[in-house]
Structures are given as structure tokens and as C-alpha cells.
Amino acid sequence: MATPHRRVLNVRRLRISVLLFVFVLVAGGTIVQRYSAASWKQPLRVTLYPINAAGSVAVFEYIRGLTLTDFVAVAEFLENEAQFYGLATQQPVVIALGPEIESRPPSRPGPRANKLAVIYWSLRLRYWVYQNLSTFGLGFAHTRIFVLYHEASRNQPLAHSFGLQKGMIGVVHAFAIPEQTAQNNIVITHELLHTVGATDKYHGDGYPIFPEGFADPEREPLYPQDTAEIMAGRIPLSVDSAEIPESLEYCVIGPRTATEINW
Ligand SMILES: [Zn+2]
């Protein structure tokens, strides 16, 4: 029989082996996945999994009332933009609403965290996906977005949403009120585009980067713009002010983003 000390060592060894196994699997799968996702020969599957981040009855009710119709604007936006860029497929994405997930993903390390902490977190995130969905997220052309719904009443900013190209995983923080659904869809689309290779096009203070973060950089006069580039996320109104659009109807995919996602 193993002594307690040895048992601890064994458990630790096992945990390291599991994480190493996940790492090898993930590293190999990611390369294949990136190629297949970027080709757009078949529609990208996008599954949205709601999570009750507030743990409240109000959010529970909101999630229970969600249907695919609430997210149809995301698919419509991408269809219109794909048509604009002359993409061969008329249906770039197929969106599905997955079951509610009971646990929350591991918190992302802060912007100053060291590389090892970030790698460890990304492995834990993959492992969390595996624990909840029995997949490491290596399926071809399938983005999984976890939408953490919060109560809208409290006047505090939401944690940052993110989308990872590696593993094609998005985590979106959203407010659980119907009036917010249209703006939630902007965030979902933004993070979804990250998972297929799009990069942010705004400065540290949130102001869109010129010209790639402007929907119409050649407009005269330049300000105010009336739409936002989706990866910039704001409509530039003047040289130092920009507003969050009301819905995807006021967003476009700019040429730089289109190139990044292989359109
Ligand atoms: Zn972003």
C-alpha cells in the first residue's frame, strides 16, 4: 500500500500526466482545426451555452426563455457580410443553442500574468470544456461560446469577454435582460470572429484604431461615422469619442478583419 506521502506524489504525477496529455492533444488538434475552420467550405458550427453567472432566479428565468430566435441576428449579420465579400457559401455559420452549463469556466489571468500562468489557464479551460461537454473542443469547424449571464440591476462593469482561436472557445459576459439582447449579440459576434482569427482593432482606451477599426475610413468628413467595425466595437463620433452601437445593424466587417478570417 502506498504511504500517504507517496499517494500525494502519485496524484500529482497523475495530474501532470493528464495535463500533458491534454497539451499534446490540444497542440496537434489546433493546427488541423485552424486549417479546417478557415477554409469556409462548410458552415462553421456555433453552439451557444448559457450559464447563470448570477445564480439568481431572474437570470434562471431569462435563460429558460432563450430561444434560437434571440441569436438569429448573429447569423443574419454574418450572411450579409459574407455576401458583401463574395464568399462562396451563403451560410457561413449555423448557430445552435446548447444546454445550460451548471459550472463556470476558470477565470482568465489578468493582462500582466506571466506566460506560464496563461498556458496553465488555457489548459484548465480546455479541461473544463471536457468536463462539461466531453470534448476538448477539437471538433472541426465548431466554435463553442459560453455566455455568462449577469443581473443587469447592479451598476458594475462586466468582466472582459474573450474568444480564443486555439480551441475555438469564446466566453461572453452578458446582461440577462431582453433590452440588452441586441448588444449581447454584438459581443457574441465579436468573440466568435476572434475564434476564427480576427484581431481587436481598438486602442487600450477602447477608441477604434484608424483606419482598420473604422467602418468607413475614407468618408469625408471622417466624423461622425454611423457604423462600427465589429472588431473595434465602437462607432467613432469625433477624434476622441466613440459609442457602442445599439445592434449588429450598425456594424460591419472591415476589409482587414475579412482578410484575417480568410474571407
Ligand atoms: Zn476582442
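Helices and strands here are DSSP runs, with at least four residues for a helix and at least two for a strand, numbered from the N terminus.

**Figure 1. Meet the whole chain, a predicted model.** By that definition, the protein chain has six helices and nine strands. Its C-alpha atoms fill a box of roughly 80 × 40 × 35 Å along the principal axes. A compact globule of 263 residues would have a radius of gyration near 18 Å, and the 20 Å of this chain agrees with that. Of the 263 residues, 32% count as buried. Take contacts between residues at least 6 apart in sequence: 67% of these join residues at least 24 apart.

**Figure 2. A close-up of the open sheet of five strands.** Follow the strands across in the order β2-β1-β3-β5-β4, and you will find mixed pairing. At the edges are β2 (93–97) and β4 (162–164), each of which pairs on one side only. On average, neighbouring strands of this sheet are turned by 20° against each other, direction ignored.

**Figure 3. Strand β1 with its partner β2 and helix α2.** Strands of a sheet pair through backbone hydrogen bonds, in either a parallel or an antiparallel sense. For β1 (residues 44–52) and β2, the sense is parallel, over five bridges. One spot to look for is T47, which stands opposite A96 in β2. Helix α2 (residues 57–65) packs on the sheet, where it touches β1 and β3 (142–150). The direction of α2 makes about 155° with that of β1.

**Figure 4. Inside the largest nonpolar core, with its 43 residues.** The residues with the most contacts inside this core are I145, V147, L148, Y149 and V172. Two or more residues come from each of β1, α2, α3 (72–84), β2, β3, β5 (169–175) and α5 (181–195). Zoom in on L148: leaving aside neighbours within four places in sequence, L148 is in contact with I51, A53, R104, V171, V172, H173 and A174.

**Figure 5. A closer look at helix α5.** The 15 residues of α5 reach 21 Å from the first C-alpha to the last, close to the 21 Å expected at 1.5 Å a residue. Is α5 mostly buried or exposed? Because 12 of its 15 residues are buried, α5 is largely enclosed by the rest of the structure. Among the buried residues are N184, N185, I186, V187 and I188, as well as H190 and E191. Just beyond the helix, look for G197, which follows α5 and has a positive phi, near 110°.

Definitions and conventions. Residues numbered from 1 in each chain as written. Predicted model: local features only at pLDDT ≥ 70, side-chain atom pairs only at ≥ 80, totals over all residues. Rg over C-alpha atoms; globule rule 2.2 N^0.38 Å. Buried ≥ 20, exposed ≤ 12 C-beta atoms within 10 Å, placed from the backbone. Contact = placed C-beta atoms within 7 Å. Pairing = 2+ DSSP bridges. Axes fitted to C-alpha atoms, helices over the stretch in contact; angles between N-to-C directions. Core = buried A, V, L, I, M, F, W, Y, C linked by C-beta atoms within 7 Å. Expected span 1.5 Å × (residues − 1).
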